[in-house]
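Student: Could you take me through one part of this model up close? I'd like a single connected picture rather than a list.

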Amino acid sequence: MTNDTPAIRNKNLVLHALAQFAEGNLEVLRAALHEDFREHSPGNPSGRDPFIEFVAGSPVAKARIDVKRVITDDEYAVVHYHMIPEDDPRGVAVVDVWRLVDGKITEHWDVLQPVPDPDLIPHGMF
């Protein structure tokens, strides 16, 4: 795989946006998300601006994000990470699926699972 394939560009865009977001830069989302962005998670709004406003007030905006895995192709980026909110040292295991078209994130799905006591996961959560 060359360094300039759609899959590599998708990976770089999503990882850059996630890293900048984790540092508190919400404006990076305005550049990364398509204006007609579609959200598939219950309770989360669609549309770039409503989604950014929603995320700005959510726990993820203040959480530490530790990326574990990234899988990309020409249309999708899948990111598996450990989200650790300020008030929850165990945190949450998250898988985000992002659909990208022409260098913009157009759709999002996610799956979240609270990280249980380590004794319940002998092989580790990540």
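Student: Let's pick helix H1: how far apart are its end C-alpha atoms, and what span should its residues give?

Tutor: Sure, and keep in mind that this is a predicted model. Helix H1 covers residues 6–22, which makes 17 residues. The expected span is 1.5 Å times one less than that number of residues, so H1 should span 24 Å, and its end C-alpha atoms are indeed 24 Å apart. Just past the helix comes glycine 24, with a positive phi near 100°.

Now for the side that is covered. Ala7, Ile8, Asn10, Val14, Ala17, Leu18 and Phe21 are the buried residues of H1. An α-helix makes a turn every 3.6 residues, so positions three or four apart point the same way. As for what covers those buried residues, the list includes two helices, H2 (27–32) and H3 (48–56), along with strands S2 (64–72), S3 (76–84), S4 (92–101) and S5 (104–114).

Those strands bring us to the sheet. H1 lies across S2, S3, S4 and S5, and runs at about 170° to S2. The sheet itself is open, with 5 strands in the order S1-S5-S4-S3-S2 and mixed pairing. At its edges sit S1 (33–39) and S2, each pairing on one side only. On average, neighbouring strands are turned by 25° against each other, ignoring direction. Over at the S1 edge, S1 and S5 run parallel and are joined by 3 bridges; leucine 33 stands opposite isoleucine 105 of S5.

Methods:
Residues numbered from 1 in each chain as written. Predicted model: local features only at pLDDT ≥ 70, side-chain atom pairs only at ≥ 80, totals over all residues. Heavy atoms only, no water. Helix = DSSP H or I, 4+ residues; strand = E, 2+ residues; numbered from the N terminus. Buried < 20%, exposed > 50% of the residue type's maximum accessible area, 1.4 Å probe, protein only. Contact = heavy atoms within 4.5 Å. Pairing = 2+ DSSP bridges. Axes fitted to C-alpha atoms, helices over the stretch in contact; angles between N-to-C directions.
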